[in-house]
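This report goes through a selection of sites in one protein model, with attention to the ligand, the annotated positions and the local backbone.

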Amino acid sequence: MDYFALAQAYQTPLYVYDFDRIAHTFNTLKNAFKARKSLICYALKANSNLSLIHHLAQLGSGADCVSIGEVRRALRAGVPKYKIIFSGVGKQDSEISEALQSDILFLNVESEQELYRIESIARDMQIKARISVRVNPNIEAKTHPYISTGLSENKFGVDIEQAKAMYIFAKNAPFLEPVGIHFHIGSQLTDLAPIKQAAQKIAKLAHSLLALKIDLKFFDVGGGIGICYDDEQIIAPYAYAQAILEALYGLDLTIICEPGRLLVGESGVLLTKVVYEKYNGEKRFVIVDAAMNDLMRPALYGATHKIEPLDSINTESSSSARTSSTHTKASVCDVVGPICESGDYLAKGILLPTLKSGDLLLIKNAGAYGYSMASNYNTRPRPAEVGVINGEARLIKRRESFEEMIKDEESLLKG
Ligand code: LLP
């Protein structure tokens, strides 16, 4: 990948995604499930760029959405309506009715009240609503508490007894059609055991629902497969699929899985440029042009993103991205952005060689929950995004301009 050329053409900070790698990862996961009918519904929240969704849709992916905005994105990007599912604890009436009108595959219901609301909206619309209940299996996913979702203390889903009651209600409601069962225990999972345990627990529930003549067709195992940011042992897609397949023994259901991070995380980098270096006493800071508003995972979760230096675009005209072999004197530093918060950092206590203004750094594994969580904090425009297919780079989102950031406020200025 010619990062120098990309930085020169599109400036920094810049997100760059390797679309071929995304395709490879998608196909690997899809193949791992080949023994059964399966549907991979990419979780748009990880990265909702339309070109990226379109790329996955062309490979056969569906979409897992958590707002009507994401449902609209999926439809606009070419995901067929029958491959779109809609989850989330706080779906509003307007979102429910639009989702029903759009005739998507199903809604993942997360509470009794939501189920009654869907029933009443479907009745008003005289439409049969396909639903699935998100069951909270109360299993510790062993991940960061902010992204753990499968414990009773988390706001997601309903417990098994409540789920049963909801399915019985849905079976008897003329405007509801229970078609699936769903769980998702957390994100950045690196241990297969809790996933296996959850799948077995929910499969058992599926058996008892089928015995009650509730005609389930889909077994939705959520997303959550982790990637290697630092030195984590990751779950191989094949082992993951085997664990699910084993749990589903004797159940003739289509498997749905909702990966986000796995499909796009390692395929993306955030390219940033060194602005200054400074020492506060002994402490070395490398100040770059990306910040927590571009990539907030380090600031929010203390997440690790490895950072790799490239040679300076100011002094090097070479088109190949060489690593830091020409740099000298590596020392410990914090890589920080220009935002006015001490929490604005991209890496802490890492070894980097001596750098100068204009040097490029690669912030790795930034394809998931990077741009999608970016903001305009400190009136900083969100960065540009580039997708690389067959070695060819294509701009898929322009850098925001100052004018774009303020236009709605300006039009509402008094006087
Ligand atoms: N399905 C459901 C119902 C989810 O809640 C999530 C993620 C996914 C699928 C996709 O999970 P994945 O395969 O990407 O792990 N901002 C955090 C991650 C939040 C994940 C929330 N739910 C981060 O940057 O680590």
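In which strand does Glu 392 lie? Glu 392 belongs to strand E17, which runs over residues 392-397. The coordinates come from a predicted model. Glu 392 has a relative accessibility of 62% and therefore counts as exposed, the threshold being over 50%. Its C-alpha atom is 9.8 Å from that of Asp 18, although 374 residues separate Glu 392 and Asp 18 in sequence.

Thr 25 gives another pair of distances. Thr 25 and Gln 8 are 17 residues apart along the chain, and their C-alpha atoms are 29 Å apart. Thr 25 is part of helix H2, residues 19-32. With a relative accessible area of 16%, Thr 25 is buried, because that value is under 20%. Beyond residues up to four places away in sequence, Thr 25 touches Leu 262 and Leu 263.

**Ligand surroundings**

There are 18 residues around the ligand, and those that come nearest are Ser 187, Glu 258, Arg 297, Tyr 301 and Tyr 369. Three polar distances to the ligand are listed below.

| Ligand atom | Protein partner | Distance |
|---|---|---|
| Oxygen | Gly 260, polar backbone atom | 2.9 Å |
| Oxygen | Arg 297, side-chain N or O atom | 2.6 Å |
| Nitrogen | Tyr 301, side-chain N or O atom | 2.7 Å |

**Annotated positions**

An unreviewed UniProt entry gives the feature "binding site" at Arg 261, Arg 297, Tyr 301, Glu 341 and Tyr 369. These positions span 109 residues in sequence, and the farthest two C-alpha atoms are 27.2 Å apart, so they do not all gather at one spot.

Arg 261 lies in helix H10, residues 261-264. Arg 261 is buried, with a relative accessible area of 4%. The side chain of Arg 261 makes a polar contact with the side chain of Tyr 229 at 2.8 Å.

Tyr 369 is in the loop between E15 and E16. Its relative accessible area is 15%, and Tyr 369 is buried. Apart from neighbours within four places in sequence, Tyr 369 is in contact with Lys 45, Ala 46, Ser 187, Arg 261, Leu 295 and Arg 297.

Lys 45 carries an annotation of its own. The UniProt entry, unreviewed, lists Lys 45 under "modified residue: N6-(pyridoxal phosphate)lysine". Lys 45 sits in the loop between strand E2 (38-43) and helix H3 (50-58). At 30% relative accessibility, Lys 45 is partly exposed. With residues up to four places away in sequence left out, Lys 45 touches Asp 64, Val 66, Glu 70, Tyr 369 and Ser 372.

**Helix H8**

Does the length of H8 agree or disagree with its residue count? Helix H8 has 20 residues, 192-211, and at 1.5 Å a residue should span 28 Å; the end C-alpha atoms are 29 Å apart, which agrees. The buried residues of H8 are Pro 194, Ile 195, Ala 198, Ala 199, Ile 202, Ala 203, Leu 205, Ala 206 and Leu 209. They cover an arc of only 165° around the axis, which means that they are on the same side of H8. The face turned away from this buried side carries the exposed residues Lys 204 and Ala 211. The buried residues pack against helix H7 (160-172), strand E7 (176-182), strand E8 (218-220) and helix H9 (237-247).

At the start of H8, a side-chain oxygen of Asp 191 comes to within 3.0 Å of the backbone nitrogen of Ala 193. Just after H8, Lys 213 has a positive phi of about 65°.

**Backbone geometry in loops**

Gln 188 is located in the loop between E7 and H8. Gln 188 is not a glycine, yet its phi is positive, at about 50°. Gln 188 is buried, with a relative accessible area of 10%.

Asn 378 is in the loop between strand E15 (360-363) and strand E16 (384-389). Asn 378, a residue other than glycine, has a positive phi near 65°. Its relative accessible area is 32%, and Asn 378 is partly exposed.

Pro 13 is found in the loop between helix H1 (3-10) and strand E1 (14-18). The peptide bond from Thr 12 to Pro 13 is cis, with omega near -10°.

Conventions:
Residues numbered from 1 in each chain as written. Predicted model: local features only at pLDDT ≥ 70, side-chain atom pairs only at ≥ 80, totals over all residues. Heavy atoms only, no water. Helix = DSSP H or I, 4+ residues; strand = E, 2+ residues; numbered from the N terminus. Expected span 1.5 Å × (residues − 1). Buried < 20%, exposed > 50% of the residue type's maximum accessible area, 1.4 Å probe, protein only. Arc of directions from axis to C-beta. Contact = heavy atoms within 4.5 Å. Polar contact = N/O pair within 3.5 Å; in protein donor to acceptor, adjacent residues only side chain to side chain. UniProt positions renumbered as here; feature names shortened; annotations may be inferred. Near = heavy atom within 4 Å.
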